[in-house]
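Please load the model in your viewer and display it with a selectable surface. The tour proceeds by selection, one stop at a time.

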Amino acid sequence: MSGALPALQGELPVFHGSTWEEHVSAWAQVEEEVQDRLWMLAAVAASLTTVYGEQSIGAFASEVGVSARRVYDCAATYTARQSRTRSQILSFKHHTLAARAEDPEKAIEEAETEGLST
């Protein structure tokens, strides 16, 4: 494959795929990596709230340059899925929205069954 993944050239990545399949494959691989990284951020946020408490979210968010809501949502998403496996067909955003539901597990099941978008 000539264009397996985008490569950094200067400040922007460049992709040199030559076939439809290469574009589809690269997109899927990068999307999977993005989702994995979001779960990693969520793990950091959940640890933060465990070690320093939820009152630390504002100061932490300011220091890392994101909104307090984003840090809170990441922590809540991670905590809601901590004792369960995450859905392999739903995005991190699906899990974040489900974590806000009265019954997060039911919300995930419904999103999977119905093929719901966020």
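The following stops cover two surface patches in a predicted model.

**Stop 1: Val30.** Begin by selecting Val30, which is placed in helix 1, spanning residues 20–52. Is this residue buried or exposed? Val30 is partly exposed, because its relative accessibility is 32%, and the partly exposed class lies between 20% and 50%.

**Stop 2: the contacts of Val30.** Keep Val30 selected and add Leu5 and Pro6; Val30 touches both, with residues up to four places away in sequence left out of the count. Next, draw a distance between the C-alpha atoms of Val30 and Pro6: the separation is 8.8 Å, although the two residues are 24 apart along the chain.

**Stop 3: the nonpolar patch.** Select Val34, which also lies in helix 1. Its relative accessible area is 38%, and Val34 is therefore partly exposed. Now show Leu5, Val30 and Val34 as a surface: together they form a nonpolar patch with about 180 Å² of accessible area.

**Stop 4: Asp103.** Move to Asp103, found in the loop that links helix 4 (92–99) and helix 5 (104–114). With 40% relative accessibility, Asp103 counts as partly exposed.

**Stop 5: the negative patch.** Which residues gather with Asp103 in a patch of negative charge on the surface? Extend the selection to Glu102, Glu109 and Glu112, which complete this patch. Colouring the surface by charge here, and by nonpolar character at Leu5, Val30 and Val34, displays the negative patch and the nonpolar patch in one view.

Key: Residues are numbered from 1 along each chain as its sequence is written. This is a predicted model: local features need pLDDT of at least 70, side-chain atom pairs count only at pLDDT 80 or more; totals for chains, interfaces and linings use all residues. Side-chain values use heavy atoms; hydrogens and water are left out. Patches are made of residues with over 30% relative accessible area and no salt bridge: like charges are joined within 9 Å, nonpolar side chains (Val, Leu, Ile, Met, Phe, Trp, Tyr) within 5 Å. Accessible areas come from the Shrake-Rupley method with a 1.4 Å probe; for residues, only the protein chains shown count as cover. A salt bridge is a side-chain nitrogen of Lys or Arg within 4 Å of a carboxyl oxygen of Asp or Glu. Lys and Arg count as positive and Asp and Glu as negative; His and the chain ends are not counted. The place of a charge is taken as NZ of Lys, CZ of Arg, CG of Asp or CD of Glu. Helices (H or I, at least four residues) and strands (E, at least two) are DSSP runs, numbered from the N terminus. Buried means under 20% relative accessible area, exposed over 50%, partly exposed in between (1.4 Å probe, protein chains only). Contact means heavy atoms within 4.5 Å.
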